[in-house]
Amino acid sequence: MIVSCYDMTKIRNKISQKKGLVTEMIYTITFNPALDYVVQVKNFTTGTVNRTVKENIFYGGKGINVSAVLANLGYPSTALGFIAGFTGDEIERGVKTLGFSSDFIRVKEGMSRINVKLKSNVESEINGMGPAITPEDVGILFGKLENLKKGDVLVLSGSIPAVIDSKIYETILARLEGKEVLALVDAEKDLLLNVLKYHPFLIKPNNYELGDMFGVTLKDESEMIEYAGRLQQMGARNVLVSMAGDGALLVTESGQVHRQGVARGTVKNSVGAGDSMVAGFLAGYLENGDYAHALRLGTAAGGATAFSDGLGTRKDILQLYETLQ
């Protein structure tokens, strides 16, 4: 079930009895939202005219994906980010159909991206540049974030456009330090390592990214747990490690290790599965503060998206949840 954004007049506060936390609102940031034009072509050949056999347009961006899956699971959120041009107009219009609110910043120059994702014998992508985001635009974002308060949740995910300072993740969390905002960060290597000093609630590297952060190749689960612990020593509270076909493991701030087997199904889609895992984990945690439940729901959400043409629906997520061991 997808919840209409117009039905959000009664925004539910989720109370975690385990942590004593009242969650006021969830915010996601997508610095460079896009229209994802996904096409399927049989036996794509360069240098000739190829005709599609299937095509879809999705409202793309890692934060947008997180907000959409949260909405499917009954948790409203507000998506922040930058949009421009007619493509930005469509992104702003389209997210309303996905069940969450937006508070995008309109940029004067350029246009929001169109990303072409080609599915054929192999998958290929052409990603657009995005608009010309100025320091003044970034300042407006900081102003919006100043209003976050204790109990709010902020999800930072994805790469940083070249026109924005690469340290913006650090700057955001530094500005929020002491406000008791629950921060979840899903980013690569340095973007992730540089924010650990601000003690994010959750980080989500995959097993290869985890090894790359320390310049090693992780051979088994015990090594993954060891290096996840090192990230905690550097400041992370909880570390969720996705391991593709081997499932996922979670090292919690109390030192517990939870393992979850992979969901079973036929993979159709590689876009948004990681974002769906973040959304499912967050929804599960906010439901009752149970980390094992959060990991299981996150795994189900990631699997539901991987087995679908788009993002996993509530029905598919809950069905997978029941099948997980």
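This report describes a four-stranded sheet, a buried helix and two helix–helix contacts in a predicted model.

## The open sheet

Strands β5, β4, β9 and β10 form an open sheet in the order β5-β4-β9-β10, and their pairing is mixed. The edge positions belong to β5 (52–60) and β10 (123–126); each has a single partner strand, so one side of each lacks a neighbour in the sheet. From one strand to the next, the twist averages 20°. Strands of a sheet pair through backbone hydrogen bonds, in either a parallel or an antiparallel sense.

Both senses occur around strand β4 (residues 34–41). Its pairing with β5 is antiparallel and extends over eight bridges, whereas seven bridges join β4 to β9 in a parallel arrangement. Individual residues show the register: Val38 has Asn56 in β5 as its bridge partner, and Ala34 stands opposite Gly60 in β5. Ala34 also has a bridge partner in β9, namely Arg113.

## Cover over the sheet

Strand β4 is mostly covered, with six of its eight residues buried. Strands β4 and β5 pair in the antiparallel sense. Helix α2 (residues 85–95) packs on the sheet and touches β4, β5 and β9 (113–119); the direction of α2 makes about 80° with that of β5.

## Helix α1 and Asn65

Ten of the eleven residues of α1 are buried, so this helix is largely enclosed by the rest of the structure. The buried set consists of Gly63, Ile64, Asn65, Val66, Ser67, Ala68, Val69, Leu70, Ala71 and Asn72. After α1 comes Gly74, which has a positive phi near 90°.

Asn65 lies in α1, which spans residues 62–72. Asn65 counts as buried because its relative accessibility is 10%, and the cut-off for burial is under 20%. Leaving aside residues up to four places away in sequence, Asn65 touches Tyr59, Gly272, Asp275 and Leu311.

## Packing of α8 against α9

Two packed helices are described by the angle between their axes and the distance between those axes. For helix α8 (residues 273–288) and α9, the axes come within 7 Å and cross at roughly 150°. That angle makes α8 roughly antiparallel to α9, because angles over 145 degrees fall in that class. The crossing of α8 and α9 is right-handed.

On the α8 side, the contact is made by Ala273, Ser276, Met277, Gly280, Phe281, Ala283, Gly284, Tyr285, Glu287 and Asn288. The α9 side contributes Tyr291, His293, Ala294, Leu295, Leu297, Gly298, Thr299, Ala301, Gly302, Thr305 and Ala306. By class, this contact of α8 with α9 has eleven nonpolar, nine polar and one charged residues.

## Packing of α9 against α10

Helix α9 (residues 291–306) also packs with helix α10 (residues 314–323), at an angle of about 125° and with the axes 8 Å apart. This makes α9 oblique to α10. The crossing of α9 and α10 is right-handed.

In α9, the residues that meet α10 are His293, Arg296, Leu297, Ala300, Ala301, Gly303 and Ala304. Their counterparts in α10 are Asp316, Ile317, Leu318, Leu320, Tyr321 and Glu322. The residues of the contact of α9 with α10 divide into eight nonpolar, two polar and three charged.

Technical notes: Residues numbered from 1 in each chain as written. Predicted model: local features only at pLDDT ≥ 70, side-chain atom pairs only at ≥ 80, totals over all residues. Heavy atoms only, no water. Axes fitted to C-alpha atoms, helices over the stretch in contact; angles between N-to-C directions. Parallel < 35°, antiparallel > 145°, perpendicular 65-115°, else oblique. Left-handed = near helix turned anticlockwise from the far one by under 90°. Contact = heavy atoms within 4.5 Å. Nonpolar A, V, L, I, M, F, W, Y, C, P; charged D, E, K, R; others polar. Pairing = 2+ DSSP bridges. Buried < 20%, exposed > 50% of the residue type's maximum accessible area, 1.4 Å probe, protein only.
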